[in-house]
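Open the model in a viewer and keep the selection panel at hand. The stops below run from empty space inside the protein to side-chain pairs.

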Amino acid sequence: MPEFSPRQNAVLEQALKLLVDGGEKALTTSGLARAANCSKESLYKWFGDRDGLLAAMIAFQASKVRTFERGNGKLTADLLREHLETFGRDLLEVLSGEVSLALNRLAIGQASREGSKLGRLLIEHGRRQIDRRAISLMEAGRRAGLLRFSDADSAYHTLYGLIVSDLHVRMLLGEKGLKDNARQAGRAVDAFLVLHGVSNHTESAARASSTF
């Protein structure tokens with residue numbers, strides 16, 4: 001995941017604001033330099049061409065979805081649940097935000113345009129970045145003996161589906177987001193842990209054996 005300086009973060013926030021407020025035409029090098037109070041030379045140095053700027057904007061937006069950072073501490077069941085719920089809540093908040101909706105609507109509008117790269121950039125620097133970090137968390141949960149699954153990618157997409165369902169599509173079509181993202185994330189994690197949490201498998205087996 002790319003790391004940006006505080007100054008670069010501020011410029012990217014301004015670039016995203018320009019895109020939301022004025023659409024693709026408002027996002028020019030000159031316009032961003034004026035709005036962010038920096039030189040065009042700095043923009044080219046930091047982000048390269050327009051595609052580089054868009055990729056940085058998308059990666060910056062995706063970085064707002066937290067998963068977990070590897071540390072020396074042991075990953076416990078409570079910490080795993082906390083990380084999963086944080087991921088779910090952040091994911092919903094980012095997907096339902098004006099920036100994400102604007103980027104996705106723009107990419108959909110350009111999908112049939114020859115040479116359009118925004119959709120690919122959204123997948124490579126947005127969705128896949130989020131996917132990789134979330135799968136890393138799930139692998140850590142399996143290594144800690146807290147999760148059980150044969151394929152991390154499949155298990156992750158189960159979690160993603162439980163969290164997002166068809167909400168993103170509905171929001172892209174103009175429906176309002178959820179009133180309580182934390183509640184939705186908690187419910188999704190509960191359902192996911194029923195399917196893949198080791199403690200739940202153990203408890204279910206114990207209950208089953210006690211009936212004989």
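Begin with enclosed space: the structure holds 1 cavity of 30 Å³ or more. On a 1 Å grid over the protein atoms alone, a cavity is a set of points where a 1.4 Å probe fits but cannot get out, while a pocket is an open set with protein on both sides within 12 Å along at least five of seven lines; lining residues have an atom within 4 Å of a point. Grid points are joined across faces, edges and corners, and a volume is the space filled by probe spheres set on the points.

This is a predicted model, in which local features need pLDDT of at least 70 and side-chain atom pairs count only at pLDDT 80 or more, whereas totals for chains, interfaces and linings use all residues. Residues are numbered from 1 along each chain as its sequence is written, and side-chain values use heavy atoms, with hydrogens and water left out.

**Stop 1: the cavity**

Select Leu92, Ser96, Leu167, Met171, Gly177, Leu178 and Asn181, which line the largest cavity. The space in this cavity is about 30 Å³. Its lining has 4 nonpolar, 3 polar and no charged residues. In this classing, Ala, Val, Leu, Ile, Met, Phe, Trp, Tyr, Cys and Pro count as nonpolar, Asp, Glu, Lys and Arg as charged, and the others, Gly among them, as polar.

**Stop 2: the largest pocket**

Next select Leu95, Asn104, Leu122, Arg127 and His168, the residues nearest the centre of the largest pocket, out of 20 that line it. Helices H4 (50–62), H5 (77–95), H6 (98–110), H7 (118–143) and H9 (167–172) are the elements that give two or more residues to this lining. Helices (H or I, at least four residues) and strands (E, at least two) are DSSP runs, numbered from the N terminus. Which helix gives the most to the lining? H7 does, with 6 residues. The pocket holds about 440 Å³ of space, and its lining counts 13 nonpolar, 6 polar and 1 charged residues.

**Stop 3: Asp90**

Move to Asp90 in helix H5. Is Asp90 buried or exposed? Asp90 is buried, at a relative accessible area of 4%; buried means under 20%, exposed over 50%, and partly exposed in between (1.4 Å probe, protein chains only). Leaving aside residues up to four places away in sequence, Asp90 touches Lys64, Val65 and Arg66, a contact being heavy atoms within 4.5 Å.

**Stop 4: residues 28–47**

An unreviewed UniProt entry annotates residues 28–47 as "DNA-binding region". UniProt positions are given in the numbering used here, feature names are shortened, and annotations may be inferred rather than shown by experiment. Over residues 28–47 the chain is 80% helix and 0% strand, with the end C-alpha atoms 13 Å apart.

**Stop 5: salt bridges**

The whole structure has 11 salt bridges, each a side-chain nitrogen of Lys or Arg within 4 Å of a carboxyl oxygen of Asp or Glu. Select Lys17 and Asp21, whose side chains meet at 2.8 Å, N to O. They are 4 residues apart in helix H1 (residues 6–22), so about one helical turn separates Lys17 and Asp21. Lys17 is partly exposed at 47% relative accessibility, and Asp21 is exposed at 56%.

Asp166 and Arg170 also form a salt bridge, at 2.8 Å, N to O. Asp166 is partly exposed at 38%, as is Arg170 at 30%. Finish with Arg81, Glu85 and Asp190, joined into one network by salt bridges that share partners. Within it, the closest N and O atoms of Arg81 and Glu85 are 3.7 Å apart.
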